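Here is a friendly note to read alongside the model. Please keep the viewer open and find each residue as it comes up.

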Amino acid sequence: MKQYLWLKLPKTPDFMSVLTLGTVAFDTIDTPFGSSGKVVGGAASYIALAVSHFAAKQHVVSVIGNDFPETFLDELTDRGAGLEGLTRVADGKSFHWAGSYHNDMVGRDTLATDLNVLVGWEPKVCSQGAEASFVMLGNLDPAVQLAVLDQMSSPKLVVLDTMNFWMDVALENLKKVVTRVDVLTVNDEEARQLTGEHFLPKAAKAIHAMGPSTVVIKKGEHGALMFQEGQTFFAPAYPLEHVVDPTGAGDTFAGGFVGYLSARHLAKGEVTWDDMKQAVTVGSVMASFTCEAFGTDGLKSLTVEDMKVRWREYKALTACGELVWP
Ligand code: AMP
């Protein structure tokens with residue numbers, strides 16, 4: 001029988017849980033190789049599925065309309081996600097994003113961002129969720145991210161993901177959130193846009209100066225760079241022979257990263273730089289599964305064995321041993 005990671009998890013006390021914020025939504029995706037139609041997506045959907053592989057308890061804070069399928073919510077609940085923070089708007093439509101990928105399957109054009117139920121939504125964190133040690137602020141209006149942070153008791157680690165859309169329309173609030181988080185994950189172009197620095201190590205320094213002690217800059221199929229206190233770590237992306245849909249790869253990465261850290265913290269009471277390096281590799285490998293199918297399908301069917309097998313192949317990618325000078 002296939003073994004899913006989330007079936008093996010120990011019971012976690014509430015204060016060790018993960019709080020996940022983001023969109024639970026519909027996406028419509030076009031690529032040069034195919035179209036998804038309308039599928040379940042949203043940053044929090046990907047993050048929550050990724051986190052569920054590591055954290056027995058998770059609190060999802062999001063908002064949906066009357067059009068969202070119960071089956072997906074049941075799947076989240078089965079994986080240990082508490083949905084007390086999920087607002088259901090009886091007469092509203094769920095957030096919808098449509099995008100079209102370029103031939104390189106990295107660049108994409110946003111065709112529609114229908115905010116729908118996001119407009120005017122005030123996030124409510126339940127009392128148990130407020131005690132969570134790890135907070136994953138997924139891509140969303142920075143005003144909402146601030147409102148959630150204000151409701152948290154005393155999180156140990158706050159990770160922020162955002163995108164150019166919010167830099168364009170809500171930069172001031174975004175800068176306020178950035179000052180209050182421990183880790184920022186952005187892609188290379190977003191890091192440049194946020195800081196005005198072209199070279200990524202310099203952009204990372206500029207972001208450190210804004211607040212976050214750890215900066216992760218994602219470079220799509222070219223991997224990710226992590227910066228912390230003068231230390232740098234590079235993690236390649238797993239080289240897939242065929243990419244079906246990269247949507248959600250960044251969210252999966254972030255969810256795998258924070259989920260893994262929460263589990264390490266539960267196991268040994270601290271999170272070190274080495275744990276963070278491992279977390280980046282775990283996030284990278286998990287994200288590769290998301291890219292193999294439209295929507296959340298690649299992530300939903302992921303097993304412990306799939307993860308371990310691919311992680312070993314991934315590790316071998318850069319394991320060249322000590323330098324032998326001729
Ligand atoms: P990623 O490919 O990791 O950047 O994430 C894509 C996901 O983010 C999709 O599932 C979308 O539903 C969601 N998304 C796209 N634009 C926005 C936005 N402006 N705010 C919040 N979520 C968004």
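Which residues line the largest cavity? Try to find them on screen before reading the points below.

1. **What kind of model this is.** Please keep in mind that this is a predicted model. The values in this note are computed from that model.

2. **The cavity.** To take up the opening question, the lining of the largest cavity is made of Leu19, His59, Val60, Val61, Gly82, Glu84, Gly85, Val125, Cys126 and Gly129. Searching the whole structure turns up one cavity of 30 Å³ or more, and its volume is about 30 Å³. Strand 4, which covers residues 58-64, is the element that gives the most to this lining, with three residues. By type, the lining holds five nonpolar residues, four polar ones and one charged one.

3. **Who surrounds the ligand.** Now move to the ligand, which has 18 residues around it. Those that come nearest are Asp27, Gly42, Arg108, Gly248 and Asp251. Sorted by type, the shell around the ligand has eight nonpolar, seven polar and three charged residues.

4. **Polar contacts with the ligand.** Which atoms of Gly42 and Gly250 should you look at here? In both cases it is a polar backbone atom: the one in Gly42 is 2.7 Å from an oxygen atom of the ligand, and the one in Gly250 is 3.1 Å from an oxygen atom of the ligand. With Thr23, look at the side chain instead, where a polar atom lies 3.3 Å from a nitrogen atom of the ligand. As for cover, the ligand taken alone exposes 500 Å², and the protein buries 94% of that.

5. **Elements in the shell.** Helix 5 (164-169) and helix 9 (249-268) are the elements that give two or more residues to the shell around the ligand. Helix 9 gives the most, with three residues.

6. **A closer look at Thr252.** While you are at helix 9, find Thr252, which lies in that helix. Is Thr252 buried or exposed? Thr252 counts as buried because its relative accessible area is 0%, and the cut-off for buried is under 20%. The side chain of Thr252 also reaches the backbone oxygen of Gly248, at 2.7 Å. Gly248 has come up before, as one of the residues that come nearest to the ligand.

7. **Two neighbours in a loop.** Asn116 lies in the loop between strand 8 and helix 3, and Val117 has its place in that loop too. Strand 8 spans 108-114, and helix 3 spans 127-130. Val117 is buried, because its relative accessibility is 8%. Asn116, at a relative accessible area of 33%, is partly exposed. For a sense of distance, the C-alpha atoms of Val117 and Asp245 are separated by 25 Å, with these positions 128 residues apart along the chain.

8. **Positive phi angles.** Most residues other than glycine have a negative phi. Which way does phi go at Asn116? Asn116 is not a glycine, yet its phi is positive, at about 45°. Glu229 is not a glycine either, and it has a positive phi of about 40°. You will find Glu229 in the loop between strand 13 (224-228) and strand 14 (231-235). Glu229 counts as exposed because its relative accessibility is 65%, and the cut-off for exposed is over 50%.

Notes
Residues numbered from 1 in each chain as written. Predicted model: local features only at pLDDT ≥ 70, side-chain atom pairs only at ≥ 80, totals over all residues. Heavy atoms only, no water. 1 Å grid on protein atoms, 1.4 Å probe; cavity = no way out; pocket = protein on both sides within 12 Å on 5 of 7 lines; lining within 4 Å. Points joined across faces, edges and corners; volume = space filled by probe spheres on them. Helix = DSSP H or I, 4+ residues; strand = E, 2+ residues; numbered from the N terminus. Nonpolar A, V, L, I, M, F, W, Y, C, P; charged D, E, K, R; others polar. Near = heavy atom within 4 Å. Polar contact = N/O pair within 3.5 Å; in protein donor to acceptor, adjacent residues only side chain to side chain. Areas by Shrake-Rupley, 256 points an atom, 1.4 Å probe, with all protein chains shown as cover. Buried < 20%, exposed > 50% of the residue type's maximum accessible area, 1.4 Å probe, protein only.
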